[in-house]
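Here is a note to read beside the model. Keep the viewer open and find each residue as it comes up.

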Amino acid sequence: MTLLLPLSNRRRPGQGWRWQRLNTNMANMAGEKRLNLPAGALTACRKCPRLVAFRESCALHVPPRFRGEVKKHGFWAKPVPAFGDRNAFLAIVGLAPAAYGANRTGRMFTGDRSGDFLYAALYRFGLASHGASRHRDDGLKLFGVFVTAALRCAPPKNRPLPQELAFCRPYLRADLAFLSRLRVILALGRIAHEAVLAAWPEGFPKPKPKFAHGSQYLLPGGVVLVDSYHVSQQNTFTGRLTASAFDTILARCLELAGQGGSHGTGRR
Ligand code: SF4
């Protein structure tokens, strides 16, 4: 199902009613409120034993091609915080850190081919200061965009268990609730799509929206969920998701967010 979104239904930056509702939701979720604090609580999380063991074992078995980078910047091996602009109108939700990507570097979509694809696209639209993302101290800035994930620890073979997604849900919910100017959520893949629906503080439309590349759904509260194939190598190297197809999705996100004419807010 694809829903067209009347402009008047969209949340405007600074709309107070919704922000108040979100604050109320968050106040009622004491644990989540605490987890919404930057880095500290999240990066100390050890709730999923399987994932803790895996994320830490990756640091002990670094492939030769990453050893130079690890020597310079270290190996993160902890839950990865969300990254981007706290005034974002667009939230991009991925699956999870890659074992030797974000799990190594400590920043979402940083240090792997998925990140190369994603940040190059954001740069083309003026939504990122650089078209590459190498390590967490490389100075990359995002404009109007916030990048997060369904799961904050790398899962073996990129396959999280349902209980691990449930344990990690409060972090995603807190991120989404905290973005007071959010207007569009771009879900990268089916797991991200499902995670957004489960985490969205105001529930989801009935019937439950199904994942389909290019679909868009109006969520309660006026934010639009847009679906795309994930930017994984598996999709981009096989041509399932091309740069131009992803640009089409991003252009739609900007249009839905009321940013269609400006293509970005930062880099010029
Ligand atoms: S996946 Fe999420 S809930 Fe599980 S240990 Fe990592 S941060 Fe904690």
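**Notes on the fold**

1. Start with one pair: Tyr217 stands opposite Leu225 in strand E6. Strands E5 and E6 pair in the antiparallel sense, over 3 bridges. Two strands count as paired if DSSP finds at least two bridges between them. Helices (H or I, at least four residues) and strands (E, at least two) are DSSP runs, numbered from the N terminus. Another facing pair is Gln216 and Val226 in E6. The hairpin of E5 and E6 has 5 residues between the strands, and Gly221 there takes a positive phi near 105°.

2. A word on the source. This is a predicted model, in which local features need pLDDT of at least 70 and side-chain atom pairs count only at pLDDT 80 or more, while totals for chains, interfaces and linings use all residues. Residues are numbered from 1 along each chain as its sequence is written.

3. Now the whole chain. It holds 11 helices and 6 strands. Of its 268 residues, 46% are buried. Buried means that 20 or more other C-beta atoms lie within 10 Å of the residue's own; 12 or fewer means exposed, and anything in between is partly exposed, with C-beta atoms placed from the backbone. Take the contacts between residues at least 6 apart in sequence: 68% of them join residues at least 24 apart. Contact here means C-beta atoms, placed from the backbone, within 7 Å.

4. In what order do the strands of the open sheet run? The 6 strands follow the order E1-E3-E2-E4-E6-E5, with mixed pairing. E1 and E5 are the edge strands, and each pairs on one side only. In general, strands of a sheet pair through backbone hydrogen bonds, either parallel or antiparallel.

5. Look at strand E4, residues 184-188. Are its residues buried or exposed? 5 of its 5 residues are buried. Val184, Leu186 and Leu188 point one way, while Ile185 and Ala187 point the other. E4 pairs with strand E2 (residues 90-94) in the parallel sense over 4 bridges. There, Val93 stands opposite Ala187. E4 also runs parallel to E6, joined by 5 bridges. Val184 faces Val224 of E6, and Ile185 has Leu225 as its bridge partner.

6. E6 covers residues 224-228. 5 of its 5 residues are buried. Both faces are covered: Val224, Val226 and Ser228 lie on one side, Leu225 and Asp227 on the other.

7. Turn to helix H7. It has 12 residues and reaches 17 Å from its first C-alpha to its last, close to the 16 Å expected at 1.5 Å a residue. The expected span is 1.5 Å times one less than the number of residues. Which residues of H7 are buried? They are Ser114, Gly115, Asp116, Phe117, Leu118, Tyr119 and Leu122. The buried residues of H7 pack against strand E3 (145-149) and helix H10 (233-236). An α-helix has 3.6 residues a turn, so residues three or four places apart point the same way. After H7 comes Gly126, with a positive phi near 75°.

8. Check two backbone angles. Ala77 has a phi near 55°, positive in a residue other than glycine. Ala77 sits in the loop between helix H5 (67-73) and strand E1 (83-84). Why does Ala77 count as buried? Because Ala77 has 20 C-beta neighbours inside 10 Å. Phe109 also has a positive phi near 55°. Phe109 lies in the loop between helix H6 (102-105) and H7 (113-124). Phe109 counts as buried because it has 27 C-beta neighbours inside 10 Å.

9. One cis peptide bond to find: it joins Lys206 and Pro207, with omega about -5°. Pro207 lies in the loop between helix H9 (190-199) and strand E5 (216-218).

10. Last, the ligand. Of the 13 residues around the ligand, Cys45, Cys48, Pro79, Cys153 and Cys168 come nearest. A residue is near a molecule if its C-beta atom, placed from the backbone, lies within 6 Å of it. Helices H4 (49-60) and H8 (162-178) each supply at least two residues of the shell. H8 gives the largest share, 3 residues. The shell divides into 9 nonpolar, no polar and 4 charged residues. Ala, Val, Leu, Ile, Met, Phe, Trp, Tyr, Cys and Pro count as nonpolar, Asp, Glu, Lys and Arg as charged, and the others, Gly among them, as polar.

Key. Contact = placed C-beta atoms within 7 Å.
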